[in-house]
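Some notes on this model follow, in numbered points. Please read them beside the coordinates.

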Amino acid sequence: MSTHTYKKFEDIDSGTLPDKMTVYQECLQAFNASTIHAKRCRLLLSRLLRLLYAGETFPKTEATNLFFSTSKLFHHNDSSLRQLVYLAIKELCSLSDDILMATASIMKDIHGGDILYKPNAVRTLARVLDGSTIHAAERAMKNCVVDKNPNVSSAALVSSYHLLPVAKDVVRRWTNETQEAVSSNKVFPQTQYNMHEHYGANRLLTATYTYQYHALGLLYHLRDHDKMALMKMIQQFNTQQPLKSSLATVQLIRYVGKLIEEDSNLTQTLWPFFPGWLKHKSDMVELEAARTILALPKFLSEQQMQAINTLQTLLSVPRTVTRFAAVRILNKIAMKSPEKIMVCNLELESLINDANRSVSTYAITTLLKTGNSENVDRLVKTISGFMDDISEEFKIIVIEAIRTLSLKFPDKHKSMLNFLNDVLRDEGGFNFKNAIIEAIFDIIKFIPQSRELALEMLCEFIEDCEYTELAVRVLHLLGEEGPKTSNPTLYIRHIYNRVVLENSIVRSSAVIALSKFALIGNDSITKSIKILLERCLQDVDDEVRDRAALSLKLLSTKDVEQAKDFIAPAFKYSLPVLEQQLALYVNNPDKEHFVHPFDIKTIPTMTEEEAKATEFKEKTTIYDEPAVQTHEASPDEEKVPDSTKLALLQQQYAQELGAIPEIAACGRLLHSSAVMELTEKETEFVVTAVKHIFEKHVVIQYNVQNTLTEIQLEDVSIVSQPDNEAYTEEFLMPLDVLRAGSSGSIYVSFSRPEGIVPAVFSNTLSYTTKDVDPSTGEPAEGEEGFPDEYQVEDLSIVPGDYVVPAFTGNFTHAWDELQNESVAVFNLGDAATMDLQDVVLKLVKTMSMMPAESTDVVTSSSSHTLKLYGKSIGGDKIAAIVRLASSSKGMMMKSQVRSSDAELSELVANYVE
Amino acid sequence: MGNVFSGIFGRLWGVNKEIRILILGLDGAGKTTILYKLQMGEVVKTKPTIGFNVETLTYKNISINMWDLGGQTSIRPYWRCYYANTAAVIFVVDSTDKERIDVAKKELHMMLKEDELTDSALLVFANKQDQPGALTAAEVSKALGLVDLKDRSWSIVASSAIKGEGLSEGLDWLIDVIKEEQM
């Protein structure tokens, strides 16, 4: 290629796109010419494709012109040109409606075209077909699925997959062909690539069996709702016709994982397949099998050990990607059950010096998590020497690990803080410093005894802090925590230094922090603060002066409580709810609405302890991802932290209930339970229930979902019968009509007795069914329907419904403070059938309290002590210590509950589901 | 190297000149059958054409791109997208379909009004002569109003695609006209 032409195409590498209109014009000209130059057209098509792949679009008329011009290239028989034509049509079909004009040409290529572009034709066909034209292509598609050439077969399988949403019932008829494709043995024909001199036959794999992967994926979707068929499929591809493709095997393991996730009773039935996978010749199969075993809770510990042993061997293979994947899986487990991977510690330690930094960082953080109180100090020292070598992103990962570690071992906070303090002095960008500050903040919040040391470090940090945002946050924290310490004056000096030396944003937050110290109740401090604030009145910046003046004004009032409310409020607003409500208020189209000012009282508030409880939960469960990633997860489901979801849900309930006049009369909603399922998910009518507790009433919300498409329900009502006479039904709000495929809510209100009275409600759904005419969606006129009843599961009001989780930084202290101890002992039944971790999680849920000191993680297989803390809706504190032990006689449980309300502790202690 | 020679000889004999011919007509008239009878000499089993078929055939040293466009109502609007650079149009009529001959007439005249087709020759095949009750070429010509056409070379030939009758006769005429007028 001469330098001249070479220059001309330089733009392909430079990243600038060719001009859209030029490409358009040139394409039209060249494609419509009476003689077609294949080479030139190929070049133009590749430019067009480059534009389209970069996200450029053409207006409809131009796209249509392009499509018709491109379709004219079908009369040229150059194979490479034809391939590009297909690529272009595939892209253009989303922009132009006239795509059906290519159908005959595509079909011709599928029937008798060159093997080189036949797969392209198949893939394009899938885009062209719709529900009405698919029948014409059915035979051709079936033939392609079972084609001997793996490329054609793959193309047909992937296309069928794409056609599923278009015509599921038609694709379903291809099941046999798909089945045949999985079990067939296809190789690339010798002639296909050999003729090309660049690739000798030996340089290309003759068989990759990727079509098995595609076929398996399609087969799974065709059998999606049939568990038995899936089981049979898994059985078949393991024993009778083992899969040749590693990708397909990995996919099969994922399906197995999904089955187990949905029905954990299958775990042991499916286990026999795993040992083979754990010793597979392909790394990825071994990794996937190990990952699945470790992510699902129901595997026995010796089975999990087998998986960990596999990972252990993978840690020392020469392939970096495999090492990385293995260490990453271990890292995830380390979060939940570090003791399980202790066996790998030797390998992990040798990985600290791995040439790949990603591997070494994961190794370190994993070791940090498995660390027990003895070796933590040593590890932290190792990392200190190592920090300078790694990039900032990894430093952040290390910092996060240290943060969780210090929350886990509160008594090690000193060495952790020293480490954090050292790295805080290092050079670093905002994100890095931010991570460190976050870590220190958490330590201060959740480990009270660390407060003074950590605050001192922060004071030093802001003396020389280049990030305004961080300085402001630190000052705010000093204002919050400083007054609680034994020697608050120390911090006043540091804060006032900021007023003298920093920019106006930092100065104004320093002013607020200072004013909080005036509320301690020490007169001399209050006096000094007032003097300092008066000096701030001379500041050049408005904001600083305003804040100082406001604080001074509030401090000079006699009413200390009022000053406190403004300067150091005891509660926080729930910010996500506030945001949602403000947005609602501002976006209200009705102008009249703005006559009333926004009512801040509708926003739920949280005391500091409640806020901490939710925050702590988030921080410690941050790595707890769903066990098996399902690709069906809807993309619009944003990642909202649990507490936010909870607050929003609670808010939503309050709003919904408030809109119903009868229920609004019940007063303020105190607590809503989690959603309880009263039926299996697969039943025709799915019923779930939520218990709403009010001052003097209990409202049960039954959500009924009609999953049938041809039946409409009318007069849907619930007969709810409590077994305790203290509850009397007040009113019932049935559903008049529940249309096919829709859902609705029924409300039943009961009067609530004083105190906490457990009760079991038996529930029967009653309704009248009517057949629906599928064309109109309406039931036929004059149809009377059949009255019917449907018994659903019982719903119990448990003591947990009256308790909300709360955080305590010091459980022992909280425990000692409370009186009124109740003790109860239970035998939960055969220990062999129960997993300790499951029992613990269930207890946490039913008792509705916050696990303290991370005791919700079971570390031993035979016994466990769970510590829980919460508050009743009446405001009584409650703490529980639950000891569990499994023995030959069964799972023994001893619960000790203390509360400021004797009755409450007795009820909670004696309640077992 | 062989390409170079054939190129030179081709130009001498006029082979290298490619011409475009469209085959149009209502659905079921026999367009696709005619196309493949001309190209392969065989009667193929056809399905209604959704879109188009395009084949290249060499006839009397001329390379012809034959475009057979689908005749279904939904596809007819797209005919115009393929009019550019067309040397001739072959319009196929089902001589037994007396009910729709008016529709065929309407489509034919609408097509001929297009600017891009002003210079194209027109050949009409009164097809399906092998079937009983078929109109004769003269009757079809009258029904289509061909005599009213001005400034255009046109001809009508009775044909039977299945038996292969009339096809080469019609094509001979067409090639002669194209050679005379457009080369």
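1. A residue is called buried here if 20 or more other C-beta atoms, placed from the backbone, lie within 10 Å of its own. This is a predicted model, in which local features need pLDDT of at least 70, side-chain atom pairs count only at pLDDT 80 or more, and totals for chains, interfaces and linings use all residues. Residues are numbered from 1 along each chain as its sequence is written, and chains are lettered from A in the order in which they are written.

2. Helix 6 of chain A (helices are DSSP runs of H or I, at least four residues, numbered from the N terminus) covers residues 79-92. Its 14 residues should span 20 Å at 1.5 Å a residue (the rise is multiplied by one less than the number of residues), and the end C-alpha atoms are 20 Å apart, so the two agree.

3. Buried residues in helix 6 of chain A include Leu81(A), Leu84(A), Val85(A), Ala88(A) and Leu92(A), and also Arg82(A). Helix 4 (38-53), helix 5 (60-71) and helix 8 (118-128) of chain A are among the elements that cover them, where contact means C-beta atoms within 7 Å.

4. The largest nonpolar core (buried Ala, Val, Leu, Ile, Met, Phe, Trp, Tyr and Cys joined through C-beta atoms within 7 Å) has 208 residues, and Leu420(A), Ile402(A) and Val124(B) are among those touching the most other members. Its largest share, eight residues, comes from helix 27 (residues 430-446) of chain A.

5. Beyond four places in sequence, Leu420(A) touches Ile402(A), Ile436(A), Ala439(A) and Ile440(A). A second, separate core of 32 residues includes Leu669(A) and Tyr727(A).

Definitions and conventions: Helix = DSSP H or I, 4+ residues; strand = E, 2+ residues; numbered from the N terminus. Buried ≥ 20, exposed ≤ 12 C-beta atoms within 10 Å, placed from the backbone. Contact = placed C-beta atoms within 7 Å.
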